[in-house]
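Hello,

Here is the structure we talked about handing over. Please open it first, then read the notes below it.

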2 protein chains.
Amino acid sequence: MASISVREVAAEAGVSVGTVSNVLNRPDKVSAGTVSRVQAAIELLGFVRNDAARQLRAGRSRSIGLVVLDVGNPFFTDLARGAEDRAAQAGLTVLLGNSDETAARESAYLDLFEEQRVHGVLISPLGESGDQLSRLRRRGTPTVVVDRQIEDLSFSSVSVDDVFGGHLAASHLIETGRTRLAFVGGPHGIRQVSDRLEGARRAVAEHPGVTLEVIHTGSLSVLEGRAVGEALRARAADARPDAVFAANDLLALGVLQALSMLGEVRVPQEIALIGYDDIAFASAAVVPLSSIRQPSALIGSTAVELLLREADDGADFVPEQVVFQPELVVRASTGV
Amino acid sequence: MASISVREVAAEAGVSVGTVSNVLNRPDKVSAGTVSRVQAAIELLGFVRNDAARQLRAGRSRSIGLVVLDVGNPFFTDLARGAEDRAAQAGLTVLLGNSDETAARESAYLDLFEEQRVHGVLISPLGESGDQLSRLRRRGTPTVVVDRQIEDLSFSSVSVDDVFGGHLAASHLIETGRTRLAFVGGPHGIRQVSDRLEGARRAVAEHPGVTLEVIHTGSLSVLEGRAVGEALRARAADARPDAVFAANDLLALGVLQALSMLGEVRVPQEIALIGYDDIAFASAAVVPLSSIRQPSALIGSTAVELLLREADDGADFVPEQVVFQPELVVRASTGV
DNA sequence: ATTCTGAAATGAATCGATTCAATCATGACC
DNA sequence: GGTCATGATTGAATCGATTCATTTCAGAAT
């Protein structure tokens, strides 16, 4: 059970520990015979490098931390995949943390990542977590904000123009003849939510006679969406909105489930519905869901890109805000 | 930029490094005044513990590794959530690795986790990865197989009876009057796939006159499902099966998308369809999807439970195979 | 034979938190 | 005043891989 270290390997191969380390890290600096003797010893003893010791010496870990709002949301797993792929190219691993839209969990993950001395942190922050993030960066951990911009322009960020996206969604609903819109989303402390709402407000303001009701939710999940849908279904027909813009696809799918259950409220005839993110399941929904598409994997890989740049440039790095444009995807849920 | 260690904190607070460590780990052993003095110094200097150093000393990390076949599959994210919750209770973190149904990636994650000296590994293995797993465990890393059993009964495992589940699905299709079944899934090296097929075979064998066609796929994704669906749609109506059992819900949703696109093939009238896993999106599909439900979060938490037990018991632990029973969920896709 | 060169190998020092045997201080008690 | 017990604090040793200044050595050049 006694764990095997370079020391044992060195003894077995009849060389010094320095040589074992060289075989591991720069085999070209070691003569061929020695390399194979050391490798044989490693094999024989079942030696496995201790990453903690490496990291301690190196001062940095070989991973980057990613904190997302919800791993259950395919948008974020797609984003994570993009990040992983780019990170792998640089020989780095991605540690995925799920804040679950909770400040305490977000904070706990940031602490954990900092204790791990990660190469950097990608985060889709809950609110303005600016303080903790600045501190994190000041102490030397490169930090990139994903999926939204942040007030503090000294941070790099990769985002999609959510105000524009919200405008796109609401305009589309209005153009198909709807006049009594409802926005479903929350908590409003989440920037993505308030921006999308803001975009919708602007679109509505451009069209006199069109109204916008705002329905708050506690989170962005299918379950919350279903609750809203049931509430809508319970209303008298003339008290219902004729179009719903949900802050993301999970909510939209929940609303859709509740509305179309029992076939009581028809989508899109009675209520048109549009979501946000264009997750893979949107097109497979009861009524295929119109949505606003974001380049999820690209956001992830670009964020890693910026992170690596920040890590390389050190003190004299220049923050960069990359903003992608979202795209309207029309499907049956807003068709005629 | 000079990083702050316990040494600096000790100097600032006018105490020894040992005392700083005690404040961090057993504040009750230290006088109140000293505690607050040390904490003030920590605050002032912005000290952050170095996890690598802690781990090196401790010999183990405070996380457990989880390797799943596909993070894009909600079944696995649900499982991961269950594992995380249970692990958090024990003060542990879960590192999530995505093998993407690739042997090389699976192996790379196992190596990584071993170098990290994780507390233990949960894995939903690709094939019979027995060799690498045995080695891993022999060297001292507790290992639990999730979502399937493994030949080698010296491993603990938490699984669902997939043969039974396959039987359940196929029987259901047969009972609703279908006679020309098709099983869609692959690769068959994945145990879950072959077990579910085996169950379907048995069900079919029990009913003379019922046939079973097997359609191979390269992976268990929506995309592969869509390809199969399109192939089915392209067939002459009388050459199509009248019922499809897909090895998981992602495949089923893909098949459904392709079939119902353009309304050419009606589900369930022309082809009944059932999936497996009962992910949240199944009930929100074009045609709400019948499925076989597995207790995903419970599998995850139970697996962590077994892992902790194995870690505690050390040498004299007894492997345990927990097998849950799956459950049939009937929705419109197999209704009349 | 002597000096020089470059490649190969060495091994002590280092990273930072934790541990634990040893020391110190304080007050209770006889 | 002296003895003890208790609690608080100390600091050197430890975990294991990596680094780098130094040593070793075979062969080339003089």
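**Domains and the two copies**

Chain A is divided into three parts: domain 1 (6-49), domain 2 (61-160 + 296-324) and domain 3 (162-294 + 329-334). Please keep in mind that this is a predicted model. In chain A, the C-alpha centres of domain 1 and domain 3 lie 62 Å apart.

How can chain A be laid on chain B? A turn of 180° and a shift of 0.1 Å along the axis do it, with an RMSD of 0.1 Å. That is the relation of a two-fold axis. Of the residues of chain A, A:Val286 comes closest to the rotation axis, with its C-alpha at 1.6 Å.

**Where the chains meet**

The contact between the chains takes 36 residues from chain A and 36 residues from chain B. On the chain A side, at least two residues each are supplied by H4, helix H5 (74-89), E2, helix H6 (103-115) and helix H11 (249-260). H4(A) gives the most to this side, with five residues. By class, the side of chain A that touches chain B has 19 nonpolar, 11 polar and six charged residues. Of the interface residues of chain A, 100% are also interface residues in chain B, so the copies meet through the same surface.

**The two DNA strands**

Which residues are closest to DNA strand C? They are A:Val15, A:Gly18, B:Ser5, B:Val6 and B:Ala53, out of 26 residues that surround the strand. The elements that give two or more residues to this surface are helix H2 (17-25) and helix H4 (51-58) of chain A, together with helix H2 (17-25) and helix H4 (51-58) of chain B. H2(B) gives the most, with five residues. The surface near DNA strand C has nine nonpolar, 12 polar and five charged residues.

DNA strand D is also surrounded by 26 residues, and the closest are A:Ser5, A:Val6, A:Ala53, B:Ser16 and B:Gly18. Two or more residues of that surface come from each of H2 and H4 of chain A and H2 and H4 of chain B. For strand D the largest share, five residues, comes from H2(A). The residues near DNA strand D divide into nine nonpolar, 12 polar and five charged.

One residue of H2 in chain B can be added here: B:Leu24. B:Leu24 is partly exposed, with 17 other C-beta atoms within 10 Å. B:Leu24 and B:Val38 are 14 residues apart in sequence, and their C-alpha atoms are 9.3 Å apart in space.

**Helix H5 of chain B**

Helix H5 (residues 74-89) of chain B has 16 residues, which at 1.5 Å a residue should span 22 Å; its end C-alpha atoms are 23 Å apart, which agrees. Is H5(B) enclosed or open? Of its 16 residues, 12 are buried, so H5(B) is largely enclosed by the rest of the structure. Among the buried ones are B:Phe75, B:Phe76, B:Leu79 and B:Arg86. The buried residues pack against H5 of chain A, and within chain B against strand E1 (63-68), strand E2 (93-98), strand E3 (120-123), strand E4 (143-146) and helix H12 (296-313). H5(B) is followed by B:Gly91, whose phi is positive, near 75°.

**Strand E2 of chain A and the loops after it**

A:Gly97 is in strand E2 (residues 93-98) of chain A. With 25 C-beta neighbours inside 10 Å, A:Gly97 counts as buried. Not counting residues up to four places away in sequence, A:Gly97 touches A:Gly65, A:Leu66, A:Val67 and A:Tyr109.

In the loop between E2 and H6 of chain A lies A:Asp100. A:Asp100 has a positive phi of about 55° although it is not a glycine. With 18 C-beta neighbours inside 10 Å, A:Asp100 counts as partly exposed. A:Arg117, in the loop between H6 and strand E3 (120-123) of chain A, also has a positive phi of about 55° without being a glycine. A:Arg117 counts as buried, with 22 C-beta neighbours inside 10 Å.

**Cis peptide bonds in chain B**

The peptide bond from B:Gly186 to B:Pro187 is cis, with omega near -5°. B:Pro187 is in the loop between strand E6 (180-185) and helix H9 (191-205). The bond from B:Val267 to B:Pro268 is cis as well, with omega near 10°. B:Pro268 lies in the loop between helix H11 (249-260) and strand E9 (272-274).

Regards

Conventions:
Residues are numbered from 1 along each chain as its sequence is written. Chains are lettered from A and ligands numbered from 1 in the order in which they are written. This is a predicted model: local features need pLDDT of at least 70, side-chain atom pairs count only at pLDDT 80 or more; totals for chains, interfaces and linings use all residues. Helices (H or I, at least four residues) and strands (E, at least two) are DSSP runs, numbered from the N terminus. A residue is buried if 20 or more other C-beta atoms lie within 10 Å of its own, exposed if 12 or fewer, and partly exposed in between; C-beta atoms are placed from the backbone. Two residues are in contact if their C-beta atoms, placed from the backbone, lie within 7 Å. A residue is near a molecule or strand if its C-beta atom, placed from the backbone, lies within 6 Å of it. Ala, Val, Leu, Ile, Met, Phe, Trp, Tyr, Cys and Pro count as nonpolar, Asp, Glu, Lys and Arg as charged, and the others, Gly among them, as polar. Domain bounds come from an automatic or database domain assignment. Copies are superposed by least squares on the C-alpha atoms of residues with pLDDT of at least 70 in both. The expected span of a helix is 1.5 Å times one less than its number of residues.
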